[in-house]
Amino acid sequence: MKPNLTRRRFLRSSSALIALPVLESLGFKAFAAPKLITPPKRMIFLGFGWGVTKETWFPDKTKTGATWDLPAGLKPLARHQKDITVVQNLANRFTNEAHWGSTFWLTGANRYGEPGQSFHNSVSADQIAAEAFGRDTRFTSLQLSCENGEESGHGPGLSLAWDRRGKPVAGFNNPVVAFHRLFSDDTTPLAQRQALLKQKRSVLDTVLDDAGSVARGLGKEDSDKLAEYLQSIRDIEVRLSKDEQWLDRPKPRPGNDVMEPKGEVAGYEEIKLMYALMAAAMQTDSTRVVTYRQPVSSLLKSLKIPFSPHNMSHYGPGPRMDASQLRDAKQSELLAGFIDRLKATKEPDGSTLFDHTTLAYGSNIQSIHYLDNCPTLITGGGSGVKLGQHLVMSDPKTPLCNLWLTLLRGNGLDVASHGDSTGLIKELVA
Amino acid sequence: MHHRWHRLLFLLTFIGTASRAADTPQARMDEKHRAFLRSYCTECHNANKQKGKVRLDDVSFALDTVQRADLWQRMLNQINSGEMPPEDAKQPDKLAKTDFLDTLSRTLVVARKSLGDVRGKITMRRLNRREYKNTIRDLLGVEMDVRDLPADGGAGTFDTVGASLFMSSDQFEQYLAIGRRALDESFAQAQVQTQKKRFEPETIVPGMKRALERMNDDHRRFTEWKAAGGKPEDLPKFGFRGDATAAGFSDSIWQGNHEWYERYLARPELQNGLLLENTMNETMQIAMDLPKDLPTGDYVFRVNVGLMPDMPTKRAFLSFLQASPLDKADTTFLASRHITAPLAKPQVIELPFSIVPDGPRKFIFMEKRSLYTHGFSLAGFTKTILKDPKDRDPVLWIDWVEWEGPLNKGGASSPVASLLPAANGAKDRNQARALIEKFATRAFRGNPPEPEFVYRLVKLFEARIKAGEKFDEAIKTPLSVVLAAPAFLYLQEPATDGKPRLLTDLELATRLSYFLWSAPPDDTLLGLARSGELKKPAVLAQQVDRMIASEKSSAFVSGFLHQWLTMERLDFFQFNTQNVADFETSVKAAARQEVYETFAHLLRSGDSLGRLLKSDFVVINGLLASYYGIEGVSGDAFRKVKVPAGSPRGGLLGMAAIHAMGSNGERSSPVERGAWVLRKLINEPPPPAPPNVPQLTRLEAKALTTRERLAAHQEEPQCAQCHRKIDPIGFGLENFDAAGQWRTGDSYWKRGVPGMREKKWDIDPSGAFFNGPTFKDYFELRDRIAARPEKFARGFTEALIEYALGRPYGFSDEPLAEWIVGQAKGSGYNVRTFVQALVASQHFKAK
């Protein structure tokens, strides 16, 4: 299997998932974003590594349906209780890694699923959505992440997102970089930017040429490795084509309250700022799919909690449990602020961002080393699932992927199954 | 020598073949466990009554497929979580359950390893972050900050394992950008002049005097204003601009500050130098803010420094730090210097440092000291916390500080320097092509680029010329593309149809070089590869010796040890400076360095690996000697020092870093330490922490000894299966506190627990290995471990194979590991023999 040497043929021979039209020249406007009539669907996934305090984060299992009490860990969300649904008894059945809160959260993969490999993953739910929702936006999807993912209990990976081949998708680890990528305008004159794009293309052609000679005589595993390189070039191709489409359009301005971050923000303020950037990215329709692998380590530091996140996660009654509960409350407080923002942001037709967004918030780790009953909260009107509910699944090992499948379908995506899903969560759709 | 390596090669052909044919051992549960299943499982999970759609009466006892392993994994998880057998069903007795769980966990580890065995296949890999940085440095003579590149490794492997080194579009663009930046710097550095500047720190004294006068004047007017009634509207009359100023005033704060300044400024030593006095939160710092336009490159600081008389020797250390580029309070520790000269005859110390593109330019000098993070008032601090003048008064006197640089002239000292001058004045594209070809050949580690690739690069160059750029500028575009090309970023060893083959000489040079230097091959290696000499066993062995002797092998030592011994734990937490006050940044850095330096000493001097288990010498510097209470070691160089009689030091278990890793920054953790010893020193790793095992936390708020608290681990089979092996070893190391200092007693108290009183006890380190010998104390425990060097050697060898070959260690590597250990054993476990044997093996020379 010899990879094709020229970029164009290579693109054409790629799998259909990107479905990229090769845009030959500037001014090819047919692919510019169509005028929007109804606001688009959007999806957000927020993952927080080391789980929660199980005693105080989950609602009382005996009170389900629409009448349930907010537990202490979710109290700061009181004003949104009608709009959030907590689902209990969801889990990824193949996960056995007690310190990996995010690696398989959106994928449901079996680490050992591939013989001859000690690590394997599959595509994450957000990337399925991005394939459909990302065609018309400047950014196909946006991955936000944090420094030192392992310390924050996320496990291997670069963000919550994993591509079709089960490879990690990189994310922006800090709000400053994310801000500039999303909103900083390039002040270079148009002609110069066009020339730059052309040069970038020549650069890609050149390295692909070298890739061609490297590819000669490679065995399967090595070809797979090189394919990652080729994929990254292809991703840039996609981006360049999009840049070309968007070349004469300035980047949108975020709302007035989203300022360019000055200096370093960490922990609580960092998450708050990332949330603001996410809302702004959605509002300006820069992207429609966002994942955020939230920091836990820096959050604790900013809350003056003296324990390492892992140490805290092994809480027992006493200061470590207090710290764990404070973390829960602060995260809920941040989420409540984010929901406020989504509700306050108007779409052109008078509805709000919240009405068209699906937001999932949780972790693959419940608490300590428990991987069952993954903490799961959903909100937003995008997928049409029932909100204001407390659901306890009767099967204590209901696949978490059933939820992802339900949400993807709710967003109008024709997906047959996802990960280890066995069906939809009917109680949510009803 | 010659003769020995020839014989080795002969042997190798044999094991090479044997190992390729060797069967991977099968993971299998012993038939005797069928009785356990019959008694507790198959009543519900049989052919007729497949409860939960699970049938176990026909379960395969061979875990030889992913599906079979997954079924056993589910059984393990169910029993671990206490869900099975159900509460109302017959329960196994504790010991039977513990043994069953123990066997099953271990069998599953074997099954996963066996099913995941790559069977010797080495996946092509890209340079990892460390290697990329070193490669750019060797190529262009420029140090680059690469921390923004994604971190490597993960999933429990080394950062050299190809299968877990990924690539993304962002990363590709980063490579392009970093490569371009490095070229810019390299070209620029070749032309700069070395500068030198000296700072006399006493020049700040007049400013401090003025500050004191202002403070006193403010206070005088504040007192007058108060005497006049203290009305806010009167403030302007007394020279205050608003009530904010007045509100911020307090007599006690003024008192503290005033006293401090008066005392300090009265010191005669300030005539021609500066004393690093203590203030509330830390010692006084001298921060050198270097000009923004100073070129990047290698520099040196020189500090003329002396000691105040009759001060404690443990305080005679100067710390050198770098401020964070974002100018927040964070600093990065760079180095520590042991000061031995008296103030009357100060000494000049040198601190080399680099200015990297977009990196920090602010550098700090201060006394080595723990930072007290709690808010004491200044007066309170000097009066109560540091009562003793010997703790409080300044110890370091700085005469002057100077910097000089850039010293290296960057590009000028790099291998490509010889090409670059050609750029000056060169005009036409033939010269550009020649330059590009030479550069790419070097960047591709001796492999010439394909003509088509060069053709395109020249086109890029021409496009830049056409855009109006000069030769020097235009040439950088194609060169930076070379630095993002696959042939540069990937270590390629193409193997047609995946069939094993011998490496070419150039490939061998590259593999060897990235193994021992984490950097590309130098001219000597490339030369030997080109002449076909390198593959000769004697030449290869000689090169290994040369490479180990080189300073560049430090990259192997730190890169390998950091990952092998899981030393990232040292950075997991902020050490609580109230509990372990002396374990501050510079001691922590020296403690980490001790692990590396000890290993490097064994490797370079050809000493035994067994010294890591027990040794009558340590490899330390003045700072660590002071921390360990070992006399007569002065200066910053690490060197071999005899362990005093009765000292617990010597070997990994005597090192502060190892014990600090086995803590949570505050208290020692017998579980972490015991598991680490099992994993690293005895090579009997416990299975990974299982999910869903009920955690016992009910004892957290009780005043109990550590042993009493952890006794709960033995109650439940789910816990006991591993903790019966882990905990006793950890208890045997309890004489070391959270920062590796020796202690004989411990105490427990928890803040925020009502009615709790501090519990104190004497440490009892005695115990026994599970199903093994007893030990009465730490020394005997260490002896028992040191008595089995072959187990340690085996674990070390497996890690070395994985690191060097860049693929997970698998069962199919067992003959190789056995052979290497056998070779090493014959040499008394000489560390260098392990490396030599691995390099000499067929596996190292084949793909």
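A residue counts as buried if 20 or more other C-beta atoms lie within 10 Å of its own, as exposed if 12 or fewer do, and as partly exposed in between. Keep this in mind for the close-ups below, which come from a predicted model.

**View 1. Helix H28 of chain B is largely enclosed by the rest of the structure.** This helix covers residues 789-805 of chain B. Of its 17 residues, 12 are buried, and so the helix is described as largely enclosed. Among the buried ones you can look for B:Phe792, B:Phe796, B:Leu800 and B:Tyr803. The charged names B:Glu798 and B:Glu802 are on the buried list too. At 1.5 Å a residue, the helix should span 24 Å, and its end C-alpha atoms are indeed 24 Å apart. Just after the helix comes B:Gly806, with a positive phi near 70°.

**View 2. Helix H5 of chain A has a run of buried residues from A:Thr206 to A:Ala215.** A:Val203 is buried as well. With 26 residues at 1.5 Å each, H5(A) should span 38 Å; the end C-alpha atoms are 37 Å apart, which agrees. After the helix you meet A:Gly217, whose phi is positive, near 75°.

**View 3. Chain A meets chain B.** Here 60 residues of chain A are in contact with 67 residues of chain B. On the chain A side, the elements that give two or more residues are helix H5 (190-215), helix H6 (220-246) and helix H10 (319-344). Which of these gives the largest share? That is H6(A), with 12 residues. The chain A side as a whole divides into 25 nonpolar, 19 polar and 16 charged residues.

**View 4. Chain A is assigned two domains, domain 1 and domain 2.** Domain 1 is written in two pieces, 44-185 and 261-429, while domain 2 runs over 189-249. Their C-alpha centres lie 32 Å apart. Chain A averages a pLDDT of 84, with 87% of the residues scoring at least 70. Over residues 1-36, though, the pLDDT is below 50, and this stretch has 39 contacts in the model beyond near neighbours in sequence.

**View 5. Two cis peptide bonds lead into prolines of chain B.** Most peptide bonds are trans, which makes a cis bond worth a second look. One runs from B:Met84 to B:Pro85, with omega near -10°. B:Pro85 is in the loop between helix H3 (66-80) and H4 of chain B. The other runs from B:Gly405 to B:Pro406, with omega near -5°. B:Pro406 is in the loop between strand S10 (396-405) and helix H12 (429-443).

**View 6. A:Asn148 and B:Asp310 have a positive phi without being glycines.** Most residues other than glycine have a negative phi. For A:Asn148, phi is near 50°, and this residue is in the loop between strand S4 (142-144) and helix H4 (175-183) of chain A. Is A:Asn148 buried or partly exposed? It has 17 C-beta neighbours inside 10 Å, so it counts as partly exposed. For B:Asp310, phi is about 60°, in the loop between strand S5 (297-307) and strand S6 (317-323) of chain B. Because B:Asp310 has 8 C-beta neighbours inside 10 Å, it counts as exposed.

**View 7. B:Arg106 is part of helix H4 of chain B.** This helix covers residues 94-115. B:Arg106 is partly exposed, as 17 other C-beta atoms lie within 10 Å. B:Ile79 is 27 residues away in sequence and 15 Å away in space, C-alpha to C-alpha.

Technical notes
Residues are numbered from 1 along each chain as its sequence is written. Chains are lettered from A and ligands numbered from 1 in the order in which they are written. This is a predicted model: local features need pLDDT of at least 70, side-chain atom pairs count only at pLDDT 80 or more; totals for chains, interfaces and linings use all residues. Helices (H or I, at least four residues) and strands (E, at least two) are DSSP runs, numbered from the N terminus. Two residues are in contact if their C-beta atoms, placed from the backbone, lie within 7 Å. The expected span of a helix is 1.5 Å times one less than its number of residues. Domain bounds come from an automatic or database domain assignment. pLDDT is the predictor's confidence in each residue, from 0 to 100.
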